[in-house]
Amino acid sequence: MSDESIAVPELSPPPEKHVGTGGALAGPVPWIDKSGAVGGVFKGIRSLFTGMKITVGYLMRPSTVVTQQYPENRETLKLPDRFRAQLAFNHDANGYHKCTMCRICEEACPNVSIIITGREKPAVSKKELDSFVWRLDSCTFCNTCVIVCPFGVLRFDGTFESSVYDRRLLAYTLNEYAGPVASVLEKIEDPDARKAAMEPRDPYGGHAVIEALIVKQKAKKVAEKAAREAARVARVAAKLAAAVPPPEAENAG
Amino acid sequence: MSVHVSTLQARISGESTASSPLSTEEYFVNMGPQHPSTHGVLRLVLRLDGETVREVVPVLGYIHRGIEKMGEHGNYRQFVHLVDRMDYLSALANNWAVTMVVEKAAKMETNERIEAIRTLVCELQRIQSHLLWWGVFGMDLGGFTPFFYGLRDREQICDIFEKTIGARLTMNYIQPGGVMFDIHPEFVKDVKAFLSYLKPKLVEYDALLTENVIIQERLRGIGRLSAARAIALGATGPVLRASGVAHDLRKSEPYGLYAQVDFDVPVGTDGDCWDRYWVRMEEIRQSIRIIEQLIDNIPEGKTFLVKPAAKIKVPAGIHYSHLETARGVLGVLLVSNGKESPYRIHCRTPNFNNLWCIGEMATGGRIGDLVAMLSSIDIVVPDIDR
Amino acid sequence: MDAPNLIAAVQALQPDATVRAQSDRPTLIVPAHALVALATQLRDDPDLRFDLLETHTAIDWLEEDRFELLYLLTSVPHGHHLTLSVSIDRDAPLVPTVCQVWPIAEWLEREAYDLFGILYDDHPDLRRLFLEDDWVGFPLRKDYEDDFMLERPE
Amino acid sequence: MSWQVKTIAQRTGDLLPGSPWTAALYVLLTILAVTAFVTVAGLVLIYAERKIAAHFQCRVGPMRVGWHGVLQSIADAIKLLMKEDIVPRDADALLHILAPVLSFAGMLLVMIALPMSPSLQVADMNIGVLYVTAVSGLGVLGILLGGWSSNNKWSLLGAMRAGAQIISYEVSATLALLVVVLFAGTLQLSGIVQSQDTGWWIWRAHGCGLVAFAIFMIAGTAEINRTPFDLAEGESELTAGFHTEYSGLRFSFFFLSEFLNMFVLAAMASTLFLGGWMPLHIGHFAALNGVMDLLPPGLWFALKTTAIIFLIMWFRWTFPRLRVDQLMRLEWKILLPIGFVNLFVSAACVVTGFYFFAR
């Protein structure tokens, strides 16, 4: 058995055709036949030597080593261009983005890793992006935000070395500036006015946005929870009232 | 009320039922949650008599994350990426299971190209999963080297996925309505190169492990499961097929392009560990056959027929569809009330049902056998606990 | 067997069974008391042979104040499917066990007990499956709340 | 050419009447040298094992500490020394501490009897083989105590497996040793080596030596608890077997003695079957023997031992583990009968003088 299978690196011949569910078929099994006691023992011992031949074959050929020495091979290490490691904003040649703050990605994000805030005082248009915060610490790299974005603002890139010493730094602000979208900016003739409409953003500054948001939401949440609890109490009370049998039934029982 | 709710403590504090003429004392021992061969955080409480296993009480839930509850709080597209984390070695099949039920319920159309890509990547992932299993199986039986060989070759499939999908493990690739990316321009070339690399390696695997006399001695007749018991215990996938039941949803209810390809369903005879081993090894070869038939014939077409919407509406009702992952039947039950998020979503995971067989298999075996059986079931713990 | 024939065959066994609307597989609503008898017949009938309980789970219909239990059956020899649906009162969620019919039900029912609090009569080993034994509440119920539940920020 | 064997013990004895203080210094230096040898050999073996295993598995192994990771073992040793030394609360503290020491001591005591070259042997007892067999049995005591005193069921299982295994395989190993003792006609290790100056016992005894060698290697591998007989540790079954509860320095004692036991086994196998430090001699072909004598005997010993160590490592990184009942079956139903038959056949050979270059 072992000789045949080693000589011919071919797929084992298919057994018979599959015949619907329930029909059984058995293929060739590379089983060591132990019927002849002595022959079986020798076959068994030979099988051990076959295995040893394989392992020593790899020992003798250092070219088969597949280990990569990571930090040393940084220059040659090439990750595929689709590798999803870090969410990034597509900025065009002028450094403008196309995010209109439609918040589709924010809603599509399964774990609230995207937090979008608008500028309180938009410079030019009605709605302007203030910060597009992406939390690497909660992101699952599912790519949903990228495929649902109607304007192609987002992309994943392969910058995978994202460790930092403070986890608050894992909330990135993706947009380079707070301000209007590319099409609006391009209509502004005056370069100074353009510059005035754009306010630079720190890429690592996302945690400030999140902290402000948390403070705002806390109060809202407390109120909501109280309302929910009240509703639940009301429901239980209604149920109890319904469960208590009417007085005449009680008398009859 | 006649129902009595028990606890684990009560369950494992039974009296000793030693029947040996030498008055031996039975004892309980915890295998896991941290144990090298429980493949994660599975805990088995064993009642042992010396080396002999008298009873196995699996204790689950160490990695229960409430995926079903989380699913109720998101929309359908968001649920797809959660199931990546159930059976992480068949992430694509898990994606596909959810996609399939959502597409069926919401009547979304796909084209041949999408289905071909899905079939291809799922079969690649089946090989990948079986390669990892092969390596781990060797390691559980005490041979370290197969683990590295298996992982080395699996890495190549991961690299192919990385190129096309951008992720190696949790991919979220198969989406309701299509696939997230078109295949990479080098995909076809890479897959062909990989297949021609893998075939001689399979011969090597056979020489190293399959034909090894120690392996055969250790697996033969261990953990027998008859066909009728396997079905009754809810086993599916290679575990069921090793018992001699040719139940493979790829054949009996073809999805994707499985109806167009020619492949066989390997079936065992005895349902012992050896058969389960052999069925999986043979499945790798059958998957290679499937891929070879499809790789040159990927039809042209779009990868999303319409721009994927963030939210999908599914008509009210119960929807269920299932498919065959590397470990068995994965079913997704979707209960919709017509809103954007599912009212209830339930996953019938193969490992959950397959693990249930261990109680019946392991009784009377030895600890070493138990490890072999557990490994031959090929469990992935997050898939059990969800 | 195709869906209409299947339904007719099962209704011949159990006349009380009615077809459940809004389901993509043949689904029959069965009264709880008839469940075990019907399940045994379904498994043993040579034309039906539903030998694989593919999954069993519950749905919490909070508005209607009931649990719906689903038993998804598959026949491995025949390759057909059937779903049984049993509705039980939400306040007294008691249903007979089908462990004797399909052994896998032991775990599936424990899961349903664990996550929904459904009590199975005659279950050999009814206890929590995923959660700890002293967990309070049943998480997959729609009105479940605990202090550690995270809510999706707005 | 006759070999003049002079052991360190003899040299100390020579010094003793003249200058007892020099003799004492000599003893001290010897103790230091043995300790240093044990430590260095252990570290080297660990490094070699890791590197060889890595290349068997298409890896490169340790690469970071020093050139190609040569200092990795030292780094590991330092790490182990600095780790917290834990004795579990309900463990038997005294036995828990004693166990690794016993295990180590057993190995160390064997070390002094090994003839590494005519001039490099600490003590040459006239009952050398018996001494080695007896003292190496101490190792199992350490393992048993370690597993027992840890108060851990996995440890206990591992210890019991180890006990059963080592005691069983000791029988076969001894039977294999006896074959060589019969042929050499002496229990003295240097005598056994010198009896091979016309050829090694592995080929001189018409197959008896080869069979005995195979049995000795199998039984020896089982005695030192290495794959495919590593049931006592069996990390995929028993987490870590008898040393589950050991950490830090005490763990490193177990670890070191495991590796040095491998060295001892290889040294014994090469001494008994491959001529130890004796160069490859064939009968009285003076030309060949002269060429072979160009290499110093110590180098011959090192080469043979290394080859056998490599063989043991090769086993480990190729084979899966046996099950506990198969292990016992292999010993009592296969190896032991073969060993007995082999012993009788060898006895017949010795009595009739039917072997190559019989004196």
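The expected span of a helix is 1.5 Å times one less than its number of residues. Helices (H or I, at least four residues) and strands (E, at least two) are DSSP runs, numbered from the N terminus. This is a predicted model, in which local features need pLDDT of at least 70 and side-chain atom pairs count only at pLDDT 80 or more, while totals for chains, interfaces and linings use all residues. Residues are numbered from 1 along each chain as its sequence is written, and chains are lettered from A and ligands numbered from 1 in the order in which they are written.

**Exercise 1. Compare the span of helix H6 of chain B with the expected value, and say whether the helix is covered or not.**

Step 1. Helix H6 of chain B takes in residues 145-164, which is 20 residues.
Step 2. From first to last C-alpha the helix reaches 30 Å, close to the expected 28 Å.
Step 3. For burial, count C-beta atoms placed from the backbone: a residue is buried if 20 or more others lie within 10 Å of its own, exposed if 12 or fewer, and partly exposed in between. On that scale 15 of the 20 residues of H6(B) are buried, and the helix is mostly covered.
Step 4. After H6(B) comes B:Gly166, with a positive phi near 90°.

**Exercise 2. Find the strands that pair with strand S7 of chain B, and work out why S7(B) is largely enclosed.**

Step 1. Two strands pair if DSSP finds at least two bridges between them. Strand S6 (residues 317-324) of chain B meets S7(B) over eight bridges, in the antiparallel sense. Within S7(B), B:Val335 is the residue opposite B:Ile318.
Step 2. Look at the link: S6(B) and S7(B) make a hairpin with four residues between them, and B:Gly328 in the turn has a positive phi of about 145°.
Step 3. Strand S8 (residues 344-348) of chain B also runs antiparallel to S7(B), joined by five bridges. Here B:Arg348 in S8(B) stands opposite B:Gly331.
Step 4. Now the burial. Eight of the eight residues of S7(B) (residues 329-336) are buried, so the strand is largely enclosed by the rest of the structure. One way point B:Val329, B:Gly331, B:Leu333 and B:Val335; the other way point B:Leu330, B:Val332, B:Leu334 and B:Ser336; all are buried.

**Exercise 3. Lay out the sheet S2-S3-S5 of chain A and place helix H7 of chain A on it.**

Step 1. The sheet is open, has three strands in the order S2-S3-S5 (chain A), and its pairing is antiparallel.
Step 2. S2 (114-118) and S5 (171-173) of chain A are at the edges with a single partner strand each, so one side of each has no neighbour in the sheet. From one strand to the next the twist averages 20°.
Step 3. Three bridges hold the antiparallel pair of S5(A) and strand S3 (residues 129-135) of chain A. In this pair A:Thr173 of S5(A) is the bridge partner of A:Val133.
Step 4. Add helix H7 (residues 206-243) of chain A, which packs on the sheet and touches S2, S3 and S5 of chain A. Axes here are lines fitted to C-alpha atoms, for helices over the stretch in contact, and angles run from 0 to 180 degrees between N-to-C directions. The direction of H7(A) makes about 95° with that of S3(A).

**Exercise 4. Decide whether A:Ser113 is buried or exposed, and list what it touches.**

Step 1. A:Ser113 lies in the loop between helix H3 (104-108) and S2 of chain A.
Step 2. A:Ser113 has 21 C-beta neighbours inside 10 Å and therefore counts as buried.
Step 3. Two residues are in contact if their C-beta atoms, placed from the backbone, lie within 7 Å. Leaving out residues up to four places away in sequence, A:Ser113 touches A:Trp134, A:Arg135, A:Ser138 and A:Cys139.
Step 4. In sequence A:Ser138 is 25 residues from A:Ser113, yet their C-alpha atoms are 5.8 Å apart.

**Exercise 5. Describe the side of chain C that touches chain B.**

Step 1. Chain C holds three helices and seven strands.
Step 2. Its contacts with chain B involve 33 residues of chain C and 39 residues of chain B.
Step 3. Strands S3 (52-61) and S7 (119-121) of chain C are the elements that give two or more residues to this side. S3(C) gives the most, six residues.
Step 4. Chain C makes no contact with chain D; their closest C-alpha atoms are 24 Å apart.
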